[in-house]
Amino acid sequence: HLEQVLENLIINARDAIFAKRREMVANAQESRQENSIDSQRVGILEAMRWQGTIKIRVCISPNGDFVVLEVSDNGIGMDTDTAAKCLQAGYSTKKDQAIHQGTSSGAGLGLTFVATAAHRHQAKLQIDSKLAVGTTVSLLFPRSPKEKTSRSST
């Protein structure tokens, strides 16, 4: 389950990065009407140079009670309405934006699966997202008292 969770989170991060770049290009193209064609070119070149980033981190929580798996991106992010719905089965923002035609991208099951797997493993799921800034998804897996004791004595 955890392998599939990580894969889903990485795919979502990748898609968020592509969506942000598409938005940057669209904004540059719209600027042509307001500014010169040169400003449009500059905007499109900036969008192409922009680097999307996906970070995967595994650590122990500051209080030592959890092992934390975190996947962060600097992609498109989610507004509050999207963030409120993102765990609902069948909810997707990318049904019409599948990166490769014929894939199941956009089925709205990825984060639902992540939430279900987290629940199965008694993990807490936290999603922090800001529109146009990015998203961080954290899974906090409880550590057993034995793990905490053996770790603190080394």
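These legends go with a set of close-up views of a predicted model.

**View 1. The whole chain, before zooming in.**
Start with the inventory: the chain has five helices and four strands. Read from the N terminus, they come in the order α-α-β-β-α-α-β-β-α. Of the 154 residues, 33% are buried. The exposed surface adds up to about 9,900 Å², with carbon and sulfur atoms supplying 53% of it. Contacts reach a good way along the sequence, too: taking pairs at least 6 residues apart, 59% of the contacts join residues at least 24 apart.

**View 2. His1 and what it touches.**
His1 sits in the segment ahead of helix H1, which covers 2-34. Which residues does His1 contact once its neighbours within four places in sequence are set aside? They are Phe113, Ala117, Arg120 and His121. For a C-alpha distance to go with that picture, take His1 and Ala118: they are 117 residues apart along the chain, yet their C-alpha atoms are 9.1 Å from each other. Even with these contacts, His1 has a relative accessibility of 48%, so it counts as partly exposed; the exposed class needs over 50%.

**View 3. The largest nonpolar core.**
This core has 14 residues, and the members touching the most others are Val5, Leu9, Leu111, Val114, Leu139 and Phe141. At least two residues come from each of H1, strand S2 (66-73), helix H4 (110-120) and strand S4 (134-142). H4 is the top contributor, with four residues. Zoom in on Leu111 and, beyond its neighbours within four places in sequence, you'll find it in contact with Leu9, Asn12, Cys86 and Leu87.

**View 4. Helix H4 and the residue that follows.**
Within H4, the buried residues are Leu111, Thr112, Val114, Ala117 and Ala118. As background for reading that pattern, an α-helix has 3.6 residues a turn, so residues three or four places apart point the same way. After H4 comes Gln122, with a positive phi near 55°. Most residues other than glycine have a negative phi, so this backbone angle is one to look at. Gln122 is in the loop that links H4 to strand S3 (124-130). Is Gln122 buried or exposed? With a relative accessible area of 59%, Gln122 is exposed, because the cut-off for that label is over 50%.

**View 5. Strand S4 and its two partners.**
S4 pairs with S2 in the antiparallel sense, over eight bridges. S4 also pairs with S3, again antiparallel, here over seven bridges. Ser138 is a handy place to see both pairings: Glu70 stands opposite Ser138, and Gln126 has Ser138 as its bridge partner in S4. How many of the nine residues in S4 are buried? Seven are, which leaves the strand mostly covered. When you look along it, keep in mind that side chains in a regular strand alternate between the two faces of the sheet.

**View 6. The turn of the S3 and S4 hairpin.**
Three residues lie between the strands of this hairpin, and Ala132 takes a positive phi there. The angle is about 70°, in a residue that is not a glycine. Ala132 belongs to the loop between S3 and S4. Its relative accessible area is 42%, so Ala132 is partly exposed.

Terms used. Residues numbered from 1 in each chain as written. Predicted model: local features only at pLDDT ≥ 70, side-chain atom pairs only at ≥ 80, totals over all residues. Heavy atoms only, no water. Buried < 20%, exposed > 50% of the residue type's maximum accessible area, 1.4 Å probe, protein only. Contact = heavy atoms within 4.5 Å. Core = buried A, V, L, I, M, F, W, Y, C linked by side-chain atoms within 4.5 Å. Pairing = 2+ DSSP bridges. Areas by Shrake-Rupley, 256 points an atom, 1.4 Å probe, with all protein chains shown as cover.
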